[in-house]
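Good morning, and thank you for making time for this presentation. I would ask you to keep the sequence and the structure in view while I speak.

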Amino acid sequence: GGKNEKNIGSNQDDEQKRKKTSLLERFSSGIRVGTLYTGDVEGKITAWNVANMFVEASLEGHTDSVTSFLSIATLRLLVSSSMDSTVRIWNLRSNAPLKVLRGHSRGVSSVAFSSEQRVLLSCGFDHEIFVWNPYVETRTSGKLRGHTCSILSVKCVEGTKEAISVDIEGNLRVWDLRTLQCVQILAAHEAAGGADEHLYDHVNN
């Protein structure tokens, strides 16, 4: 009985060693297990290797504060926005710059991607949401108009063809990305009256 227990313990130790060796081989072969991106007020983006805790790369191009990031894993792209009024697209594997999307007249605060419509959205301080095709074009393919003040954030609703945006006055707008039209407005003064439930019902119906 004692020998069997020792053999079992030895086999488990060997298995753990093989797993550790396999993991180390993955690191040494250059496969990136996890990367964290941070941006500073001067526009520099730093890619950190989370597993080994070192700086993997510096992504330079923005000339003002970096405001948001978006990873599009299916396209292996990283998207960043900045107060320099540009949206930049980077290769997620090599961290190399691919495209600069220009069109905003003021700083860009947020970016979002719709996997349903395959479009990239960006919004900011010029009161409009820009619609981009990240596959080919560097020019905007449309705009979502309706906000009358700076837009803080835009998010795509997963599993639908809709997006939601919010501005600095607290107004929410729901957009149909097929028609680029606003389909519902939730004003700031309505927020306290059960409007969240109403909005949720609308998006999921």
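**Loops, sheets and cores**

I begin with a single residue, M53, which is exposed, with a relative accessible area of 73%. M53 sits in the loop that runs between β2 (45-49) and β3 (54-59). Its phi is near 55 degrees, which is a positive value in a residue other than glycine. As general background, most residues other than glycine have a negative phi. I should say at once that we are looking at a predicted model.

Let me now step back to the whole protein. Its secondary structure comes to 2 helices and 15 strands. The protein has 205 residues, and 39% of them count as buried. The exposed surface is about 12000 Å², with carbon and sulfur atoms supplying 50% of it. Among contacts with a separation of 6 or more, 33% are between residues 24 or more positions apart.

I turn to the sheet that contains β4. Here 4 strands form an open sheet in the order β4-β5-β6-β7, and the pairing is antiparallel. At the edges are β4 and β7 (97-102), each of which pairs on one side only. Neighbouring strands of this sheet are turned against each other by 20 degrees on average, direction ignored.

The pairings can be followed strand by strand. Between β4 and β5, which run antiparallel, there are 6 bridges. Within this pair, L70 stands opposite V79 in β5. The hairpin of β4 and β5 has 4 residues between the strands, and R76 takes a positive phi near 55 degrees there. Moving on, β5 and β6 are antiparallel and are joined by 5 bridges. One residue to locate here is S81, whose bridge partner in β6 is V87.

After β6 comes another loop residue, N95, found between β6 and β7. N95 is not a glycine, yet it has a positive phi of about 65 degrees. Is N95 buried or exposed? N95 counts as buried, because its relative accessibility is 9% and the limit for that class is under 20%. M53, by contrast, is exposed, at 73%.

Next, the interior. Which residues have the most contacts inside the largest nonpolar core? They are L70, I72, V79, V87, I89, L101 and L120, in a core of 13 residues. Two or more residues each are given to this core by β4 (66-72), β5 (77-82), β6 (86-91), β8 (108-114) and β10 (128-132). The most come from β8, which gives 3 residues. In soluble globular proteins, nonpolar side chains tend to be buried together.

L70 deserves a moment of its own. Neighbours within four places in sequence set aside, L70 is in contact with L77, L78, V79, V111, A112, F113 and L120. A second, separate core has 12 residues, including A112, L144, I151 and L177.

I come to another sheet, again open and of 4 strands, in the order β12-β13-β14-β15 with antiparallel pairing. The edge positions belong to β12 and β15 (181-186); each has a single partner strand, so one side of each is left without a neighbour in the sheet. From one strand to the next, the twist averages 20 degrees. Strand β14 (residues 172-176) runs antiparallel to β15, and 5 bridges join the two. As an example, L172 has L186 as its bridge partner in β15.

Also in strand β15 is C182. At 27% relative accessibility, C182 counts as partly exposed. Residues up to four places away in sequence not counted, C182 touches R173, V174 and W175. C182 and R145 are 37 residues apart in sequence, and their C-alpha atoms are 8.0 Å apart in space.

I close with T160. Where is T160 found? T160 lies in the loop between β12 (151-156) and β13 (162-167). With a relative accessible area of 17%, T160 is buried. The side chain of T160 reaches the backbone oxygen of V157 at 2.8 Å.

To review the loop residues, M53 is exposed, whereas N95 and T160 are buried. Thank you for your attention.

Note on methods
Residues numbered from 1 in each chain as written. Predicted model: local features only at pLDDT ≥ 70, side-chain atom pairs only at ≥ 80, totals over all residues. Heavy atoms only, no water. Core = buried A, V, L, I, M, F, W, Y, C linked by side-chain atoms within 4.5 Å. Buried < 20%, exposed > 50% of the residue type's maximum accessible area, 1.4 Å probe, protein only. Contact = heavy atoms within 4.5 Å. Polar contact = N/O pair within 3.5 Å; in protein donor to acceptor, adjacent residues only side chain to side chain. Pairing = 2+ DSSP bridges. Axes fitted to C-alpha atoms, helices over the stretch in contact; angles between N-to-C directions. Areas by Shrake-Rupley, 256 points an atom, 1.4 Å probe, with all protein chains shown as cover.
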